[in-house]
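Me: I'm just starting out with structures, and I'd like a close look at one part of this one. Could you take me through it slowly?

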Amino acid sequence: MKIRSFVFVFIFLFVSSFAYGTKLTILSINDTHGHLEGYPAISALVNKIREKVKKEGGYVLFVHAGDFNTGTPESDMLKAEPDIEVFNQMGMDVATIGNHEFDNDFSVLRKTSQTG
């Protein structure tokens, strides 16, 4: 999702939540550093919260605030591709970049930004 469209959607949802009394729940994770073993627990919790919020007529925005890259050998060797694949499967709405996303050359950053 491109930044401009994300900003538009975020502003729309934020303003709508006040105008129409809609509940917006923002779930954020960060600094996961390729530790795939923690993702099943995160996914289960996010899905549980999504289900509860949906029943209440609200919306969930699931974000990663950066530093998903550089940490475990698997993620490092595969340039965070496993992490991004899992984020897509978990239904993550948007991810920002942290300082460790710059540990690789720009071509890796460009590739990860086009995934999903």
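Let me start with a residue that caught my eye: at its relative accessibility, what does K79 count as? Then please go on to helix α4 and its surroundings.

Reply: Sure! Keep in mind that this is a predicted model. K79 counts as partly exposed, because its relative accessibility is 34%. You'll find K79 in the loop between α3 (73-77) and α4, so to speak on the doorstep of your helix. K79 isn't a glycine, yet its phi is positive, at about 55°.

Before we step inside, here's a quick map. There are five helices and three strands in the chain, and along the sequence they come in the order α-β-α-β-α-α-β-α. The chain has 116 residues, of which 34% count as buried. Now look at contacts with a separation of 6 or more: 78% of them link residues 24 or more positions apart. Keep that in mind as we meet the partners of α4.

On to the helix, then. α4 covers residues 81-90, and its buried residues are P82, D83, I84, F87 and M90. Right after α4 comes G91, with a positive phi near 75°.

Let's zoom in on D83, which belongs to α4. With a relative accessible area of 0%, D83 counts as buried, because buried means under 20%. Skipping residues within four places in sequence, D83 is in contact with G34, H35, L36, Y39, F68 and S75. In space, the C-alpha atoms of D83 and H33 are 8.8 Å apart, while 50 residues separate the two in sequence.

H33 deserves a stop of its own. This residue sits in the loop between β1 and α2. Like K79, H33 is not a glycine but has a positive phi, here about 45°. Its relative accessibility is 16%, so H33 counts as buried.

Next up is F87, another of the buried residues of α4. Its contacts, again without neighbours within four places in sequence, are T32, Y39, H64, F68 and M92. Y39 and F68 might ring a bell, since both are on the contact list of D83 too.

What does α4 do with its neighbour α2? The axes of these two helices come within 10 Å and cross at roughly 20°. That makes the pair roughly parallel, because an angle under 35 degrees counts that way. The crossing of α2 past α4 is right-handed. On the α2 side the meeting residues are Y39, I42, S43 and R50, and on the α4 side they are D83, V86, F87 and M90. Sorted by type, the residues of this contact are five nonpolar, one polar and two charged.

Now for the nonpolar core. The largest one has 13 residues, and F87 and M90 are among those with the most contacts inside it, along with L27, F62, F68 and M92. At least two core residues come from each of β1 (24-29), α2 (39-55), β2 (59-64) and α4.

F62 is a nice place to finish, as it lies in strand β2 and leads you back to your helix. F62 has a relative accessible area of 0%, so it is buried. Without residues up to four places away in sequence, its contacts are L27, I29, I42, V46, R50, M90, G91, M92, D93 and V94. M90 in that list is one of the buried residues of α4, and G91 is the residue that follows the helix. From F62 to G91 is 29 residues along the chain, but their C-alpha atoms are separated by 7.6 Å.

So to recap your helix: α4 meets α2 through residues including D83 and F87, and α4 also supplies at least two residues of the largest nonpolar core.

Terms used:
Residues numbered from 1 in each chain as written. Predicted model: local features only at pLDDT ≥ 70, side-chain atom pairs only at ≥ 80, totals over all residues. Heavy atoms only, no water. Core = buried A, V, L, I, M, F, W, Y, C linked by side-chain atoms within 4.5 Å. Buried < 20%, exposed > 50% of the residue type's maximum accessible area, 1.4 Å probe, protein only. Helix = DSSP H or I, 4+ residues; strand = E, 2+ residues; numbered from the N terminus. Contact = heavy atoms within 4.5 Å. Axes fitted to C-alpha atoms, helices over the stretch in contact; angles between N-to-C directions. Parallel < 35°, antiparallel > 145°, perpendicular 65-115°, else oblique. Left-handed = near helix turned anticlockwise from the far one by under 90°. Nonpolar A, V, L, I, M, F, W, Y, C, P; charged D, E, K, R; others polar.
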